[in-house]
Amino acid sequence: MDTTSKTFLSVPLQRLAEDVAKLLKEKGATVSVVESAAGGIISASLLAITGASAYHRGGLTLYSLQSRIAYSGWTEADVATYKGPTKDNVGQMAKHVRAQMKSSYTLGESGYAGPTGIGSSPNRQPGFVALAVASEEGTYGRELNTGSSDRAENMLLFAGEALKLLKDVLMGNAKL
């Protein structure tokens, strides 16, 4: 793929998106995205690659509670028991969106980009992100903390980590 064309993406993010696009095309697979703290950067990264219509089914940026209830399959019970993003609840969103979009894979992301978090639990601190990829084989998940409270930096890092997880799943390097 041509990495010399002008793009809004950083070079590492562009290369990850190109790698994922190539793998999806080789497999004849499709992807949808449900993201929150990354603010649409994951979908934008995939869509910046020429030929995205062959593999990208759609993306949702579910930033508010109302949007999660409307589009991610969340119920009032989910809202009442929510204690922050985890790979399990992000996985549930990804599974729901995968079924709705009829995609081979759905990449899910939720976290706290910063500069602040909510409360004292580790998964509600700036830099924390939960990731999941829902597939026919099952749902793969990861959680990590960047250690940064820089909002813009975290949004880019979250998108990169999400694409890395999807790439690992596509290459058979991720574990359920």
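Here are a few short exercises on this structure, each with a worked solution.

The model is predicted, so local features need pLDDT of at least 70 and side-chain atom pairs count only at pLDDT 80 or more, while totals for chains, interfaces and linings use all residues. Residues are numbered from 1 along each chain as its sequence is written, and side-chain values use heavy atoms, with hydrogens and water left out.

**Exercise 1. Find the salt bridge that links distant parts of the chain, and say which helices hold its two residues.**

Step 1. Start with the rule: a salt bridge is a side-chain nitrogen of Lys or Arg within 4 Å of a carboxyl oxygen of Asp or Glu. Searching the whole structure gives 4 salt bridges.

Step 2. One of them joins Asp-19 to Lys-167, with 2.8 Å between the closest N and O atoms. Asp-19 sits in helix 1 (residues 11–27) and Lys-167 in helix 6 (residues 151–171), 148 residues apart. Helices here are DSSP runs (H or I, at least four residues), as are strands (E, at least two), and both are numbered from the N terminus.

Step 3. Now check the surroundings. Buried means under 20% relative accessible area, exposed over 50%, and partly exposed in between (1.4 Å probe, protein chains only). Asp-19, at 31%, is therefore partly exposed, and Lys-167 is partly exposed at 22%.

**Exercise 2. How many residues apart are Glu-26 and Lys-22, and how many apart are Lys-164 and Glu-161?**

Step 1. Glu-26 and Lys-22 form a salt bridge whose closest N and O atoms are 4.0 Å apart. Both belong to helix 1, 4 residues apart, which is about one turn of the helix.

Step 2. Glu-26 counts as exposed because its relative accessibility is 56%; Lys-22, at 48%, is partly exposed.

Step 3. In helix 6, Lys-164 and Glu-161 are 3 residues apart, again about one turn of the helix. Their salt bridge has its closest N and O atoms at 3.2 Å. Lys-164 has 38% relative accessibility and is partly exposed, and Glu-161, at 21%, is partly exposed too.

**Exercise 3. Why is the ring pair of Trp-74 and Tyr-82 called tilted?**

Step 1. Rings of Phe, Tyr and Trp (its six-membered ring) pair if their centres lie within 6.5 Å; planes under 30 degrees apart are stacked, over 60 edge-to-face, and the rest tilted. This rule yields 1 aromatic pair.

Step 2. The ring centres of Trp-74 and Tyr-82 are 5.1 Å apart and the planes stand at 50 degrees, so the pair is tilted.

Step 3. Trp-74 is buried, at 9% relative accessibility, whereas Tyr-82 is partly exposed at 22%.

**Exercise 4. Where is Arg-57 found, and which residues does Arg-57 touch?**

Step 1. Look in strand 2 (residues 56–61) for Arg-57. With 43% relative accessibility, Arg-57 is partly exposed.

Step 2. Contact means heavy atoms within 4.5 Å. Leaving aside residues up to four places away in sequence, Arg-57 touches Thr-30, Val-31, Ser-32, Met-101, Lys-102 and Ser-103.

Step 3. Add two distances. A polar atom of the Arg-57 side chain lies 3.3 Å from the backbone oxygen of Met-101. Val-33 is 24 residues from Arg-57 along the chain, and their C-alpha atoms are separated by 8.3 Å.

Notes. Polar contact = N/O pair within 3.5 Å; in protein donor to acceptor, adjacent residues only side chain to side chain.
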